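Visitor: Could you walk me through this one? I'd like to go topic by topic and ask as we go.

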Amino acid sequence: MSDVCIEVSNLNKYFGANHVVKDFSLTVRKGEIYGFLGPNGSGKTTSIRMMCGLITPDSGKGHCLGMDIFTQREQIKHHIGYMTQHFSMWGNLTIRENLLFITRIYNLVRGKARVDQTLEELGLTSRQHQLAKFLSGGWKQRLALAACTLHHPALLFLDEPTAGVDPKARREFWQILHQLSDRGISTLVSTHYMDEAERCHKVAYLSYGHLLANGSVGSIIHQQNLTTVKISGKRLTELENELLKMPGIEQTVIFGNSLFVTAKDEKVLNLILSHAVASDYEFCKVQTTLEDAFTWLMKNNAKNNKY
Ligand SMILES: Nc1ncnc2c1ncn2[C@@H]1O[C@H](COP(=O)(O)OP(=O)(O)O)[C@@H](O)[C@H]1O
Ligand SMILES: [Mg+2]
């Protein structure tokens with residue numbers, strides 16, 4: 001049996017004259033956690049909704065869990081879980097009551113057993129009697145994830161599930177995603193957090209509806225073929241402004257006491273630095289990060305397309 005969960009190619013979507021998703025193609029395999037990144041308005045939610053059959057693309061083709069995203073939209077719904085960007089639940093019900101209510105709405109068989117199992121799997125058993133409205137952000141997300149896994153979907157679409165959640169709760173949430181992955185459940189998850197992108201098996205990066213990069217984190221960084229140098233010292237913004245005027249310097253960013261300078265041509269970069277950086281600064285070559293790679297991709301795409 002094929003281990004492909006999602007296979008879509010050349011999907012396009014217009015809202016009026018606005019072409020929001022452009023020739024979008026993606027393959028997601030069983031058990032994979034696929035990160036979905038890109039600025040606000042780049043088309044992530046629209047792409048997710050097309051892949052799970054909630055809206056029809058204007059052109060292209062594709063399958064989700066072997067079902068056609070144009071003709072079998074109704075069937076797809078029964079086999080996927082979709083956690084929307086602004087999900088809601090019943091605040092005056094407890095965690096357990098929320099989940100039991102969902103099993104009744106969707107006529108899920110063996111409701112109680114399902115709820116018990118899901119509570120256990122998502123680490124919610126000890127809090128099952130707490131009212132949903134009193135839960136912190138992290139626990140609310142966990143309840144929302146429980147709600148969309150009750151029917152045992154093979155594939156999850158999570159749209160910015162951890163926005164505004166504290167680092168500890170995000171870490172725990174991601175631990176659960178990896179446990180689901182171990183059980184063969186595939187997840188497509190949109191996020192703005194780079195640490196979360198790095199926890200994915202693969203990531204896709206969208207900008208203005210274009211898929212600019214797609215693959216493992218390592219391969220995306222490698223493909224951009226960038227060199228990054230870390231410079232440490234004082235008055236970093238002054239130095240940064242000087243460097244940005246020089247052709248060959250692609251981008252800069254300051255973290256604490258260090259300025260990170262990224263360029264396409266390592267030789268040019270070294271030459272510039274040896275002339276422009278005074279001897280009281282220290283510098284060394286470092287690994288280009290995923291954020292550097294995405295920033296570079298977006299800047300170049302905008303330049304080439306004259307947005
Ligand atoms: N139902 C809709 N009607 C009209 N325009 C929409 C609709 N949904 C999204 N858009 C537009 O499509 C673009 C992409 O939006 P979206 O897919 O929500 O991006 P993202 O999830 O990456 O922030 C935006 O310009 C947005 O305003
Ligand atoms: Mg969105």
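Guide: What follows is a short tour of a predicted model, taken by topic.

Visitor: Okay, start with the sheet. What is the order of its strands?

Guide: The order is β6-β7-β8-β3-β9-β10, in an open sheet of 6 strands whose pairing is mixed. Its edge strands, each of which pairs on one side only, are β6 (80–83) and β10 (210–215). Averaged over the sheet and with direction ignored, neighbouring strands are turned by 15° against each other.

Visitor: And β9 with β10, parallel or antiparallel?

Guide: Strand β9, residues 202–207, runs antiparallel to β10, and 5 bridges join the two. Within β10, A213 is the residue that stands opposite Y205.

Visitor: Which strands does helix α1 touch?

Guide: Helix α1 (residues 44–51) packs on the sheet and touches β3 (33–37), β6, β7 (155–159), β8 (186–190) and β9, with its direction making about 140° with that of β3.

Visitor: Switching to the metal. Which protein atoms are donors of the magnesium ion?

Guide: For the magnesium ion (ligand 2), the protein donors are OG1 of T45 and OE1 of Q85, which lie 2.0 to 2.7 Å from the ion. These two come from distant parts of the chain, 40 residues apart, since T45 sits in helix α1 while Q85 sits in the loop between β6 and α3 (95–105).

Visitor: How accessible are T45 and Q85?

Guide: T45 has a relative accessible area of 26% and is therefore partly exposed, and Q85, at 30% relative accessibility, also counts as partly exposed.

Visitor: Now cysteines. How many disulfides?

Guide: The count comes to 0 disulfides.

Visitor: Why is C64 not bonded to C52?

Guide: The closest cysteine sulfur to that of C64 is the one in C52, and at 7.0 Å it is too far for a bond, given that a disulfide requires the sulfur atoms to be within 2.5 Å. C64 itself counts as buried, with 0% relative accessibility.

Visitor: What about C148?

Guide: C148 is in no disulfide either, as its nearest cysteine sulfur, again that of C52, is 11 Å away. At 8% relative accessibility, C148 counts as buried.

Visitor: How many aromatic pairs are there?

Guide: The structure holds 4 aromatic pairs. One of them joins F24 and F36 in a tilted arrangement, at 5.8 Å centre to centre and with 55° between the planes. Because F24 belongs to strand β2 (residues 18–29) and F36 to strand β3, this pair ties together parts that are 12 residues apart in sequence.

Visitor: Are those two rings' residues buried or exposed?

Guide: F24 counts as buried at 0% relative accessibility, and F36 is likewise buried at 0%.

Visitor: And how are W90 and F101 arranged?

Guide: W90 and F101 form an edge-to-face pair, 4.7 Å centre to centre, with 75° between the planes. W90 lies in the loop between β6 and α3, whereas F101 lies in helix α3, so the pair ties together parts that are 11 residues apart in sequence. With relative accessibilities of 37% for W90 and 33% for F101, W90 counts as partly exposed, and F101 counts as partly exposed as well.

Visitor: Last one: where is R170, and what is it in contact with?

Guide: R170 is placed in helix α6, which spans residues 167–182. If neighbours within four places in sequence are left aside, R170 is in contact with T162, V165, Y193, D195 and E196.

Visitor: Is R170 buried or exposed?

Guide: R170 is buried, because its relative accessible area is 10%, and buried means under 20%.

Methods:
Residues are numbered from 1 along each chain as its sequence is written. Chains are lettered from A and ligands numbered from 1 in the order in which they are written. This is a predicted model: local features need pLDDT of at least 70, side-chain atom pairs count only at pLDDT 80 or more; totals for chains, interfaces and linings use all residues. Side-chain values use heavy atoms; hydrogens and water are left out. Helices (H or I, at least four residues) and strands (E, at least two) are DSSP runs, numbered from the N terminus. Buried means under 20% relative accessible area, exposed over 50%, partly exposed in between (1.4 Å probe, protein chains only). Contact means heavy atoms within 4.5 Å. Two strands pair if DSSP finds at least two bridges between them. Axes are lines fitted to C-alpha atoms, for helices over the stretch in contact, and angles run from 0 to 180 degrees between N-to-C directions. Donors are N, O and S atoms within 2.8 Å of the metal (3.2 Å for Na, K and Ca); water is not among the atoms, so sites may look incomplete. Rings of Phe, Tyr and Trp (its six-membered ring) pair if their centres lie within 6.5 Å; planes under 30 degrees apart count as stacked, over 60 as edge-to-face and the rest as tilted.
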